[in-house]
Amino acid sequence: MEFAPISVRFFITRVDLFRLQLRALTRHRFVLVVGLVCLTSLGSTLVGTVATPERSAVFYLFFLGVWLVPAALFFGLLFVLVAACQAGLGDHRGSLGEHAISFEPDGLADRTEFSTSLHRWAGIARVESTTRYLLVFVNDFQCHLIPKRAFASPLAAQEFEQRVRDHIRTAQVGNSKTP
């Protein structure tokens with residue numbers, strides 16, 4: 001693959017960090033399983049407190065709906081609060097502020113006021129695209145967060161994403177041929 005340099009500059013704000021934290025929380029299987037177990041336990045406990053032989057199944061379903069919907073909303077608000085605390089507290093040096101992401105022959109480079117990192121193409125785990133962000137994951141939990149607002153157009157963001165995917169694919173094919 002022919003190498004052509006590309007660079008994009010952007011600012012990461014606390015709102016960006018909040019959205020990333022909220023996305024991570026809502027996609028973390030352990031957190032979701034614990035929430036489901038808590039909601040199930042709460043539901044069975046609540047049903048046990050009102051259980052009598054003369055009550056119908058419809059009553060129990062209605063009762064669970066009345067109590068579990070607010071409980072689910074509570075857990076959702078808890079997720080939002082945790083994400084807000086994670087994004088809002090601390091200085092997040094190296095995460096917040098101006099970033100310059102550039103294509104290098106060896107990998108994807110991220111430069112900030114505090115650090116410079118290079119993640120080799122073959123080491124990039126995956127790329128995900130949302131309506132607002134391009135996420136380039138270097139492992140299961142860490143990613144480069146690239147706001148799509150940094151690009152001149154949606155087409156430019158798509159081209160950048162495709163180039164990242166092409167470089168990763170080429171590097172992984174190259175590594176699979178190495179003994």
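Q: In this predicted model, which residue forms a salt bridge with Arg 165?
A: The closest N and O atoms of the pair are 2.8 Å apart. Both residues lie in helix α4, four residues apart, about one turn of the helix. The partner of Arg 165 is Glu 161.

Q: Is Glu 161 buried or exposed?
A: Buried means under 20% relative accessible area. Glu 161 has 13% relative accessibility, so Glu 161 counts as buried.

Q: How does Arg 165 count, by its relative accessibility?
A: The partly exposed class lies between the 20% limit for buried and the 50% limit for exposed. Arg 165 has 27% relative accessibility, so Arg 165 counts as partly exposed.

Q: Which residue meets the side chain of Asp 166 in a salt bridge?
A: The N to O distance is 3.0 Å. The two residues are three apart in helix α4, about one turn of the helix. Asp 166 counts as partly exposed at 22% relative accessibility, and its partner also counts as partly exposed, at 46%. That partner is Arg 169.

Q: Which residues do salt bridges with shared partners join into one network?
A: One bridge in the model links Glu 128 and Arg 126, with the closest N and O atoms 2.8 Å apart. Arg 126 is partly exposed, with a relative accessible area of 30%. The network consists of Arg 23, Arg 126 and Glu 128.

Q: How many salt bridges does a search of the whole structure find?
A: Among them are Arg 165 with Glu 161 and Asp 166 with Arg 169. Glu 128 with Arg 126 is another. The search finds eight.

Q: How far from Asp 110 is the nearest side chain of opposite charge?
A: Asp 110 lies in strand β3, residues 107-111. Asp 110 is buried yet has no salt bridge. A salt bridge needs the charged groups within 4 Å. The nearest side chain of opposite charge, Arg 111, is away by 7.7 Å.

Q: Which side chain does a polar contact join to that of Asp 110?
A: The contact is 3.3 Å. Away from its sequence neighbours, Asp 110 is in contact with residues including His 99, Ser 115 and His 144. The polar contact is with His 144.

Q: Where does Ala 109 lie, and is it buried or exposed?
A: Ala 109 is found in strand β3. Its contacts beyond four places in sequence include Ala 100, Glu 104 and Leu 118. Its relative accessible area is 2%, so Ala 109 is buried.

Q: Which residue in β4 stands opposite Leu 108?
A: β3 and β4 run antiparallel, joined by five bridges. A hairpin of four residues connects the two strands. Ala 109 is 6.5 Å from His 119, C-alpha to C-alpha, though they are ten residues apart in sequence. The residue opposite Leu 108 is His 119.

Q: Which members of the largest nonpolar core touch the most other members?
A: This core has 25 residues. Elements that each supply at least two of them include β1, β7 and α4. In soluble globular proteins, nonpolar side chains tend to be buried together. The members touching the most others are Trp 121, Ile 146, Phe 160 and Val 164.

Q: Which residues does Ile 146 touch, not counting those up to four places away in sequence?
A: Ile 146 is one of the core members that touch the most others. Its contacts are Val 8, Phe 10, Ile 101, Arg 132, Tyr 133, Leu 134, Val 136, Phe 151 and Phe 160.

How values were computed: Residues numbered from 1 in each chain as written. Predicted model: local features only at pLDDT ≥ 70, side-chain atom pairs only at ≥ 80, totals over all residues. Heavy atoms only, no water. Buried < 20%, exposed > 50% of the residue type's maximum accessible area, 1.4 Å probe, protein only. Lys, Arg positive; Asp, Glu negative; His and termini not counted. Polar contact = N/O pair within 3.5 Å; in protein donor to acceptor, adjacent residues only side chain to side chain. Contact = heavy atoms within 4.5 Å. Core = buried A, V, L, I, M, F, W, Y, C linked by side-chain atoms within 4.5 Å. Pairing = 2+ DSSP bridges.
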